[in-house]
Structure formats: structure tokens, C-alpha cells
Amino acid sequence: MQIIKSIDSLRQTLAPLAKEGKRIGLVPTMGALHEGHGALIKASVSECDVTVVSVFLNPIQFGKNEDLDKYPKRLEADAKLAESIGADYVFAPSVAEMYPDGDPMTLVRDEALEGMYCGAYRPGHFRGVLTVVSKLFLISGANDAYFGEKDYQQVFLIERMVKDLNFNIKIHRVKIVREESGLARSSRNEYLTQEERDQALGIYNGLKAAKAAYEAGERSVSKIRDIVVKSIVAARGVVQYVEVANQKNLQKCNGALAAEDKAVILAAAFFGKTRLIDNMELN
């Protein structure tokens, strides 16, 4: 496996493969790879001829008071993990390589949804995500790209960007990978103390309880939401948001869910100083 750090080198490497008809899969990451990323890489390796894992800690998707500086950085370990799963290339550009003139003036936005849910608490976050993902699509020329459903709003926005801007790439969703306890795998789990890790199960336990209530016939959006909120609070977490949204358009659901509604519960909460997100589809 080869680590490539320049845009031109990646293009020169992948272009002949594309001409040969090789199907190129892209797994965009910010590094600190774990089993959740591993599932994305495995999916790409199983479905594509060539797999590229990008490792780029994208500064324009972090706010001023967020964890950019302390986000785990371990390129060598990430490359070994990617190689062990079957990836062919790791693309690890510097910030200067991706943004040679500083923060880009041209940005990709979703005005309707970028300020909702996670975006309401992280101004500019999804603008940064969509911009860097669009750059990675164009740089790699990949046929397929793989994203985890833990970041539910993110993958929804990327799918809509691809449709709206006619990117010639197929987006694949990969189910959430959880620790044995049920906690959704995240690079930020490393920040948790053991006590906080135990408390963080309040999100997953609340989502499970809400889904069980739904399957038992509960259709009240407020009651479904309250089940999750109470579980997080009981676990000594601080709720940032819990919402029930329509899977089709990600708009908030209100009142009672109809039988034909496909909904998803989206949640974000703090345990200690660590912000975690999770979700669960009800249908």
C-alpha cells in the first residue's frame, strides 16, 4: 500500500487505473481510524477494484472552540490499519496542499439543512464538510464513496449534494458499528473516562427504548423524544438535541407519526466535555 500526499500524485496514480476500467472506491476520513472506519474500508474493498482512504483533518469544518488541536493524529497507525483491511492507497495531504491560498473562497452549502440538528450548534461545520468532500470527489475521480450512518445528517447532505450537483459518483451508506456495550464507535470516544464511557450508554439505551416503544405502538413524537432525553439525563449526560426527523427529507416530525412515515431519531449529548452523536431509524 502506498501513502500519497500530493493531489497531482494521486491523480497521476489513479488516472491510468480508471482508463483500464478499474472501479475506484473512496473512504473519506479525518484519521484516528477505528472499526467503524474499518467497516467502510471493507465495503469498498469488497465492491471496488481499488480503494483509496483519505486521511485529512479538515480545519474548515471545525469551529473556534472545537477540538481541532486535540483531535487524534496517527497517520502511520491509520495506514497500517487501512492496509490490513485491503486498502490500496492512503491519501494524506497537508492543509497547505488542500487549501494553498488559505481558507477557500468557494464553498459548498446546503442552506436548507446545514443549520439544523448538528449544524445549529456547529456553525459552518457542514459547509466545511461538503466543500472538502466535493474536493476529494474531484481529486480522486472515484466511482464510489463510503460513509457511515452514525453521521446521519452528514451522509444525507452528501447524498443531496451529489444529486443536486450531478457528481458522477455513487454514495454508499454503511450501518453504525458499535462497541460491545452498544456505544457507537467514534474517534472521540478516546476522550471519555471509563465513568463517562459507561454514562454515554444513556444515548444508545434511550434510542433502544424509544424504538421499543414505537414498535409497541407509540406514535407521539414528543413521547418518543422524551424517552431518549430522560435516558441521557438519567445517565448524567447533557442533552444538546434530540429530534425525530423524516428519513426522506430530514425535516422535523411533529404531532403523531403516521403509519407510512419513515422516521429517524437524531441525538447529540455531552458526557463530561465530550460531545457524542447517535441515531436510530424507527422503520
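What volume does the largest pocket have? In this predicted model, the answer is about 340 Å³. Its lining has 15 residues, and Asn65, Glu66, Asp67, Phe270 and Arg275 are the closest to the pocket centre. By type, the lining divides into eight charged, four polar and three nonpolar residues.

**The two sheets**

Let us turn to the strands. Strands of a sheet pair through backbone hydrogen bonds, either parallel or antiparallel, and this model offers an example of each: a parallel open sheet of six strands and an antiparallel open sheet of three. Here they are side by side.

| Strand order | Pairing | Average turn between neighbouring strands |
|---|---|---|
| β1-β4-β3-β2-β5-β6 | parallel | 25° |
| β7-β8-β9 | antiparallel | 15° |

In the six-stranded sheet, β1 (2-4) and β6 (170-174) are the edge strands; each has a single partner, so one side of each has no neighbour in the sheet. Further in, β2 (residues 24-29) and β3 (residues 50-55) run parallel and are joined by six bridges. One residue to look up here is Pro28, whose bridge partner in β3 is Ser54.

Two helices deserve a look alongside this sheet. Helix α6 (residues 125-140) packs on the sheet and touches β2, β3, β4, β5 (144-148) and β6, with its direction at about 150° to that of β2. Helix α1 (residues 7-19) lies across β1, β2, β3 and β4 (89-91), and runs at about 145° to β4.

In the three-stranded sheet, the edges are β7 (238-246) and β9 (274-281), each of which pairs on one side only. Strand β8 (residues 263-271) pairs with β9 over eight bridges in the antiparallel sense, and Ala267 stands opposite Asp278 of β9. Helix α9 (residues 201-215) lies across β8 and β9, running at about 20° to β9.

**Aromatic pairs**

How many aromatic pairs does a search of the whole structure find? It finds six. One to view on screen is Tyr117 with Tyr241: the ring centres are 6.2 Å apart and the planes meet at 45°, so the pair counts as tilted, a class that lies between stacked (under 30 degrees) and edge-to-face (over 60). This pair links distant parts of the chain, with its two residues 124 residues apart. Tyr117 sits in the loop between α4 (95-98) and α5 (118-121), while Tyr241 belongs to strand β7, an edge strand of the antiparallel sheet.

Key
Residues numbered from 1 in each chain as written. Predicted model: local features only at pLDDT ≥ 70, side-chain atom pairs only at ≥ 80, totals over all residues. Heavy atoms only, no water. 1 Å grid on protein atoms, 1.4 Å probe; cavity = no way out; pocket = protein on both sides within 12 Å on 5 of 7 lines; lining within 4 Å. Points joined across faces, edges and corners; volume = space filled by probe spheres on them. Nonpolar A, V, L, I, M, F, W, Y, C, P; charged D, E, K, R; others polar. Pairing = 2+ DSSP bridges. Helix = DSSP H or I, 4+ residues; strand = E, 2+ residues; numbered from the N terminus. Axes fitted to C-alpha atoms, helices over the stretch in contact; angles between N-to-C directions. Contact = heavy atoms within 4.5 Å. Phe/Tyr/Trp six-rings, centres within 6.5 Å; stacked < 30°, edge-to-face > 60°.
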